[in-house]
Amino acid sequence: FCTEIYVHDENGNDLGITRLNDDNDFVIPAADQGVYDRRIFDRQGFLIDQRYFNSDGVPSEQQDGIARIELIRNDKRLVTQVRRYGLNGELKNAASDGVAIINIEYTEDSQFKSRTDLDKDGNIVER
């Protein structure tokens with residue numbers, strides 16, 4: 001590809017990149033497996049959502065079988081839960097680890113305390 005166009009939100013956060021060849025056609029490197037992502041940030045500039053699309057802009061799954069990742073944050077902006085979704089909008093277990101939900105706990109002084117991985121049915125996934 002010869003041209004890369006970066007898209008940013010009003011806070012300057014990188015929302016995504018578009019790659020074009022000499023004919024102004026979309027180009028997606030083979031390593032991306034035909035899928036690119038769009039990131040959504042909150043007003044403070046923290047990532048809260050990531051969605052995957054193919055070169056036609058159609059929602060798609062990335063290589064792990066996930067179409068959307070949602071990050072839930074607490075009032076200190078720390079990620080307390082990660083949710084993975086399929087194309088149907090329902091929770092989906094990632095192909096690589098079988099996890100759909102990651103719960104993260106912190107101590108009162110915001111230090112990492114624990115992580116619990118769950119499948120889409122709420123069962124604990126042992127690592």
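Which backbone nitrogen does the side chain of N93 reach? I began with this point and found that the side chain of N93 comes to 2.6 Å from the backbone nitrogen of K120. I note at the outset that the model is predicted.

**Entry 1: the surroundings of N93**

I placed N93 in the loop between β6 and β7. I then asked whether N93 is buried or exposed, and its relative accessibility of 25% answers that N93 counts as partly exposed. Setting aside residues up to four places away in sequence, I listed what N93 touches: I66, G98, V99, A100, D119 and K120. I looked at I66 separately, which is 27 residues from N93 in sequence, while the two C-alpha atoms lie 8.0 Å apart.

**Entry 2: the chain as a whole**

I next counted the elements and recorded eight strands and zero helices in the protein chain. Read from the N terminus, the order of elements is β-β-β-β-β-β-β-β. I looked up burial and found that 31% of the 127 residues are buried. For the surface, I recorded an exposed area of about 8,100 Å², with 45% of it supplied by carbon and sulfur atoms. I also checked contacts between residues at least 6 apart in sequence; 23% of these join residues at least 24 apart.

**Entry 3: the sheet**

In what order do the six strands of the open sheet stand? I traced the order as β3-β4-β5-β6-β7-β8, with antiparallel pairing. The edges are held by β3 (36-41) and β8 (112-118); each has a single partner strand, so one side of each lacks a neighbour in the sheet. I noted that neighbouring strands are turned against each other by 10° on average, direction ignored.

I then followed two of the pairings. Strand β6 (residues 79-85) and strand β7 (residues 101-106) run antiparallel and are joined by three bridges. Within this pairing, I found that V82 has I102 in β7 as its bridge partner. Between β7 and β8 I recorded six bridges, also in the antiparallel sense. Here E105 stands opposite S114 in β8. These two strands form a hairpin with five residues between them, and S110 in the turn has a positive phi of about 70°.

**Entry 4: Q81**

I turned to Q81, which is found in strand β6. Its relative accessibility is 16%, so Q81 counts as buried. Which side chains does the side chain of Q81 meet in polar contacts? I found one such contact with the side chain of R83 at 2.5 Å, and another with the side chain of N103 at 2.6 Å. Beyond its neighbours within four places in sequence, Q81 is in contact with E70, L71, I72, I101, I102 and N103. I kept in mind the general rule that in a regular strand the side chains alternate between the two faces of the sheet.

**Entry 5: salt bridges**

How many salt bridges does a search of the whole structure find? The search gave eight, and I examined some of them individually.

I took up R77 and D42, whose side chains meet at 2.1 Å, N to O. This pair links distant parts of the chain, 35 residues apart: R77 is in the loop between β5 (68-73) and β6, and D42 is in the loop between β3 and β4 (47-53). I recorded R77 as partly exposed, at a relative accessible area of 23%, and D42 as buried, at 12%.

I then examined D49 and R51, whose side chains form a salt bridge at 2.7 Å, N to O. D49 is buried with a relative accessible area of 5%, whereas R51 is partly exposed at 33%.

I also looked up E70 and R83, whose salt bridge spans 3.6 Å, N to O. The pair again links distant parts of the chain, with E70 in strand β5 and R83 in strand β6, 13 residues apart. E70 counts as buried at 16% relative accessibility, and R83 is partly exposed at 27%. Which residues do salt bridges with shared partners join into one network? I noted D49, R51, R68, E70 and R83.

**Entry 6: a residue met twice**

I close with R83, which appeared in two entries. Its side chain makes the polar contact with the side chain of Q81, and it also meets the side chain of E70 in a salt bridge.

Key: Residues are numbered from 1 along each chain as its sequence is written. This is a predicted model: local features need pLDDT of at least 70, side-chain atom pairs count only at pLDDT 80 or more; totals for chains, interfaces and linings use all residues. Side-chain values use heavy atoms; hydrogens and water are left out. Two strands pair if DSSP finds at least two bridges between them. Helices (H or I, at least four residues) and strands (E, at least two) are DSSP runs, numbered from the N terminus. Axes are lines fitted to C-alpha atoms, for helices over the stretch in contact, and angles run from 0 to 180 degrees between N-to-C directions. Buried means under 20% relative accessible area, exposed over 50%, partly exposed in between (1.4 Å probe, protein chains only). Contact means heavy atoms within 4.5 Å. Accessible areas come from the Shrake-Rupley method with a 1.4 Å probe; for residues, only the protein chains shown count as cover. A polar contact is a pair of N or O atoms within 3.5 Å; within protein, one must be able to donate a hydrogen and the other to accept it, and residues adjacent in sequence count only if both atoms are side-chain atoms. A salt bridge is a side-chain nitrogen of Lys or Arg within 4 Å of a carboxyl oxygen of Asp or Glu.
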